[in-house]
Amino acid sequence: MAVPPVLLKEDELLQDEADGSAYETARDISKYLLMHYGTVEDAFERPHHPLAPSHGYPARLSELLELVALRTGTLVRTALDAGCSVGGISHALSTWVQDVVVGIDASPRSIEIAQSLTRHGGGTFSVVQLGPFSREIQVTLPEAERRARVEFDVDDACSLAVPSRPYDAVVLSNVLDRVRDPEVCLRQFTDSTALLRRGGLLMVACPWSWYPEFSPPETWLGSSGDCVTSEQGLKNVLSGGLDLMLEKDEAGVLRQNPREYDYFEAHVTVWKKR
Ligand SMILES: C[S@@+](CC[C@H](N)C(=O)[O-])C[C@H]1O[C@@H](n2cnc3c(N)ncnc32)[C@H](O)[C@@H]1O
């Protein structure tokens with residue numbers, strides 16, 4: 001890569017739009033670029049940070065799906081990463097998916113950055129330090145050899161564009177608690193084979209971190225009245241059309257600044273379409 005493109009400029013980061021929509025502000029995009037593409041050193045600046053084991057969430061999620069594909073003998077030629085943000089999970093999937101990985105997100109700015117990073121094989125961006133300071137990070141994607149093609153587009157995870165052939169695998173990572181109606185999103189996979197083929201795999205990862213500004217409370221999976229947890233609420237919806245293959249927790253971390261990090265544990269399930 002001769003001159004890496006600037007994905008996010010320092011002045012954009014330091015003069016962020018106070019009222020920018022969620023996941024569209026430079027600061028949000030910088031946090032996801034770091035989480036998806038940064039090294040442990042980029043994220044923590046010291047080798048033995050207590051949160052260092054939580055680094056590498058996109059790669060760990062992709063490895064889990066690959067493991068289930070191998071165990072179940074599922075051939076994955078095509079995969080969809082819905083709510084992909086800047087596309088780190090899509091690129092992690094492309095190391096083993098055979099033909100094409102499609103990443104979609106509702107945020108046009110995230111998709112533009114994912115496309116630019118993919119086209120140039122990397123790029124630079126800034127992350128906030130303390131106060132008015134920032135630091136530049138350089139990302140280089142691994143060689144394209146043996147990797148599936150990766151494409152990005154703006155789309156709505158609750159009303160996904162139907163592909164010419166249904167996907168072999170679909171990932172919904174940290175997005176179900178950010179859509180306006182999570183059950184509507186899931187029904188696209190239980191009620192039809194237009195998006196996910198019979199025998200295909202659906203991975204759902206979510207910390208179930210509900211907020212009314214993203215999803216009205218009546219749409220949250222689970223209910224306190226009936227003592228149904230979000231984990232069980234998800235199973236109640238998906239078990240109508242898919243079989244549960246794997247369930248575990250997976251940690252991840254988003255850096256706010258060198259002294260503040262958001263740690264999460266996603267509840268991860270992988271399902272096979274009947
Ligand atoms: C918490 S981030 C998760 C990003 C990434 N999947 C991950 O696990 O790191 C949620 C993403 O979902 C996107 N999003 C929210 N609602 C969406 C919708 N209806 N359709 C597509 N993307 C959506 C946001 O723009 C944001 O990029």
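**View 1. Ala157 meets the ligand through its backbone.** In this predicted model, a backbone N or O atom of Ala157 sits 2.8 Å from a ligand nitrogen atom. Ala157 is also one of the residues that come nearest to the ligand. Taken alone, the ligand exposes 600 Å². The protein buries 93% of that area.

**View 2. Side chains of Asp156 and His36 at the ligand.** An N or O atom in the Asp156 side chain lies 2.9 Å from a nitrogen atom of the ligand. For His36, a side-chain N or O atom is 2.8 Å from a ligand oxygen atom. His36 is listed with the nearest residues too.

**View 3. The shell around the ligand.** The shell holds 19 residues. His36, Gly83, Asp105, Ala157 and Ser173 come nearest. By class, nine are nonpolar, six polar and four charged. Helix H2, spanning residues 26-37, gives the most to this shell, with three residues.

**View 4. The pocket that holds the ligand.** The ligand takes up the space of the largest pocket. Within that space, contacts to the ligand include the one from the backbone of Ala157, at 2.8 Å, and the one from the side chain of Asp156, at 2.9 Å.

**View 5. A salt bridge between Glu12 and Arg109.** The two side chains meet at 2.7 Å, N to O. The pair links distant parts of the chain, 97 residues apart. Glu12 belongs to helix H1 (residues 10-14). Arg109 belongs to helix H6 (residues 108-120). The model's count comes to 14 salt bridges.

Conventions: Residues are numbered from 1 along each chain as its sequence is written. This is a predicted model: local features need pLDDT of at least 70, side-chain atom pairs count only at pLDDT 80 or more; totals for chains, interfaces and linings use all residues. Side-chain values use heavy atoms; hydrogens and water are left out. A residue is near a molecule or strand if one of its heavy atoms lies within 4 Å of it. A polar contact is a pair of N or O atoms within 3.5 Å; within protein, one must be able to donate a hydrogen and the other to accept it, and residues adjacent in sequence count only if both atoms are side-chain atoms. Accessible areas come from the Shrake-Rupley method with a 1.4 Å probe; for residues, only the protein chains shown count as cover. On a 1 Å grid over the protein atoms alone, a cavity is a set of points where a 1.4 Å probe fits but cannot get out, and a pocket is an open set with protein on both sides within 12 Å along at least five of seven lines; lining residues have an atom within 4 Å of a point. A molecule sits in a cavity or pocket if more than half of its atoms lie within 2 Å of its grid points. Helices (H or I, at least four residues) and strands (E, at least two) are DSSP runs, numbered from the N terminus. Ala, Val, Leu, Ile, Met, Phe, Trp, Tyr, Cys and Pro count as nonpolar, Asp, Glu, Lys and Arg as charged, and the others, Gly among them, as polar. A salt bridge is a side-chain nitrogen of Lys or Arg within 4 Å of a carboxyl oxygen of Asp or Glu.
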